[in-house]
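Here are a few exercises on pockets, cavities and cysteines. Try each task with the structure open before you read the solution.

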Amino acid sequence: MTRTTTPTPISTTTTTTATATASATAPVLSALGLFALLLGTSLPSTDFFVVNVALPDIERDLGASPSALEMVAAGYALAYAVLLVLGGRLGDAYGRRRLFLWGVAGFGVTSLACGVAPDAWSLVAFRAAQGAASALLLPQVLATLHATTRGERRARAVALYGAVSGLAMVLGQVLGGVLVSADLAGTGWRMAFLINVPVVALAWPLALRSVPDSRAGQPGRSDVGGTVLLAAALLALLLPLTEGRSAGWPLWAVLTLLAAPLLIWAFAAVERRAERTGGSPLLPLSLLSEPGVVRGLLIGAPIFIGFSGFMFVSAVTLQEGLGYGALKAGLTLVPMGLAQFGASLLLPRVVNRFGSRTLPLCALVHGAGLAVLAATVLWAPWSALSPLTLAPGLLLCGLGQGIQLPLYYRVLLAAVPAARAGAGSGLAATAQQSGLAVGVATLGSLFLALEPGLGLRGAFAIVLGAQLAGLLGLAALSLRLPRDLG
């Protein structure tokens, strides 16, 4: 009788002691460590957009063809999206601080290479390498936040991550315009890349000293088959979407796009088999059985597709329609960036107050901003459309986006077990970058197709209407979220 009753309390005591010991010895992220991580976070987000305003100068200086210019932007995005999940898994296995340091160093080296590129296709190659470095460093940020913070500290850290990421995306084009226009020491467009080097020189030693290391408890073996299939599936989806329209939708683009669903199916089959047989899948599909993960991915789709589409069509409208230079067009977006940053900082307080109602509320605010912008562009004379006139709509858009971006990560990562933080953060970042690429390809193509018949005003308004429809879908979906968002 004694033998049958004593194991339960002993086991419970042992488990409780082990849990307490694990909590006591878990790495804790300091304020300086968080600053170093956020500094690293700003690099990939800024560089995704900073090159847009530099492309005309690159074309003149290097004699780049249109296809080479497109690949300067697309090569970075493709390498970034394709390798993100692998970057997260490498951090799980070999240590997230180590991979973060390697990624930051690689980003600095490739930025320097981009800044001194002798010709257009060298720049394309260096940009792809820069995207690969981004894929190494970015998943480690989210995974480290997930592994080294708890409760309100995690909520604040994720809010800051969203704030920095969103602000960097908005202000990337502003920074590019400033640097290209300043032409510091005759560097022109090259300074848009060289400016990353001193940032890396600051972030790397800070991270080395202040970021705690973390990794998965039982890192698995490399999933070569899953890695190859995921890379092929993303390339098959994103390459024709980014290059197909400008090339006139040749046969290779159509066939590649049709192959994407088959490659995704093959990847899913390989990953399911790896999980069933006790292997180490690149992306455990059991993550998708978690309701919070699926909800987070669905929430992210209209956010990122709409954001990148908006950034593209607004840049074209401001520069071609209103005749703004790169600097003025970039500075016009400053109110949106500042509002986005401020709203992101308020996320924990807003969520504590409104809970799951936060998403539909911010979607409505964002939608109101789009409506104000569309009305302003449609009915005001071109001569009256100054940055000040556009500011009210942009402020409302920024307020809505400032809540949406970090809340996406909060909802998704709250459902990811700590042991899978790398895979979860890789999935979150891959969905983000894929959404950004799809947004430019779909909403951008819609805009360019409508512009000859409707003009810039009409095409701009219709694209904003499509983005508004996505936000209404986001609001409807968010009504099913639990009251406590984690």
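**Exercise 1.** Work out which helices supply at least two residues each to the lining of the largest pocket, then describe that pocket.

*Solution.* Start with the helices: α3 (31-50), α4 (55-62), α5 (66-94), α11 (224-243), α13 (291-321) and α19 (421-478) each put in at least two lining residues. Helices here are DSSP runs of H or I with at least four residues, numbered from the N terminus. A word on the ground rules: this is a predicted model, where local features need pLDDT of at least 70, side-chain atom pairs count only at pLDDT 80 or more, and totals for chains, interfaces and linings use all residues. Residues are numbered from 1 along each chain as its sequence is written, and side-chain values use heavy atoms, with hydrogens and water left out.

Next, the volume: about 1,200 Å³ for the largest pocket. Of its 40 lining residues, Asn52, Leu55, Ala73, Phe312 and Val440 are the closest to the centre. On a 1 Å grid over the protein atoms alone, a pocket is an open set of points with protein on both sides within 12 Å along at least five of seven lines, a cavity is a set where a 1.4 Å probe fits but cannot get out, and lining residues have an atom within 4 Å of a point. Points are joined across faces, edges and corners, and the volume is the space filled by probe spheres set on them.

Then the shares: α19 provides the largest one, eight residues. Last, the chemistry: 23 nonpolar, eight polar and nine charged residues make up this lining. Nonpolar covers Ala, Val, Leu, Ile, Met, Phe, Trp, Tyr, Cys and Pro; charged covers Asp, Glu, Lys and Arg; the others, Gly among them, are polar.

**Exercise 2.** Find which helix gives the most to the lining of the second largest pocket, and sort that lining by class.

*Solution.* First, the second largest pocket holds about 630 Å³ of space. Its lining has 25 residues, with Leu234, Leu427, Thr430, Ala431 and Ser434 nearest the centre. Second, α11, α12 (251-276), α13 and α19 each supply at least two of them, and α19 gives the most, with seven. Third, sort by class: 20 are nonpolar, five are polar and none is charged.

**Exercise 3.** How many cavities of 30 Å³ or more are there, and what lines them?

*Solution.* The count is two. Take the largest cavity: its volume is about 110 Å³. Among its 14 lining residues, Ser314, Leu318, Leu373, Leu390 and Phe460 lie nearest the centre. α13 gives the most, four residues, and the classes split into eleven nonpolar, three polar and no charged.

Now the second largest cavity, with about 30 Å³ of space. It is lined by Val53, Gln173, Ala315, Gln319, Ala326, Ala329, Gly330 and Leu333. Here α14 (326-332) gives the most, with three residues.

**Exercise 4.** Why are Cys362 and Cys397 too far apart for a bond?

*Solution.* Begin with the distance: the sulfur of Cys362 has its closest cysteine sulfur in Cys397, 12 Å away, so the two are too far apart for a bond. A disulfide needs a pair of cysteine sulfur atoms within 2.5 Å, and the structure holds zero of them. Finally, check burial (under 20% relative accessible area is buried, over 50% exposed, in between partly exposed, with a 1.4 Å probe and protein chains only). Cys362 is buried at 5%, and Cys397 is buried at 1%.
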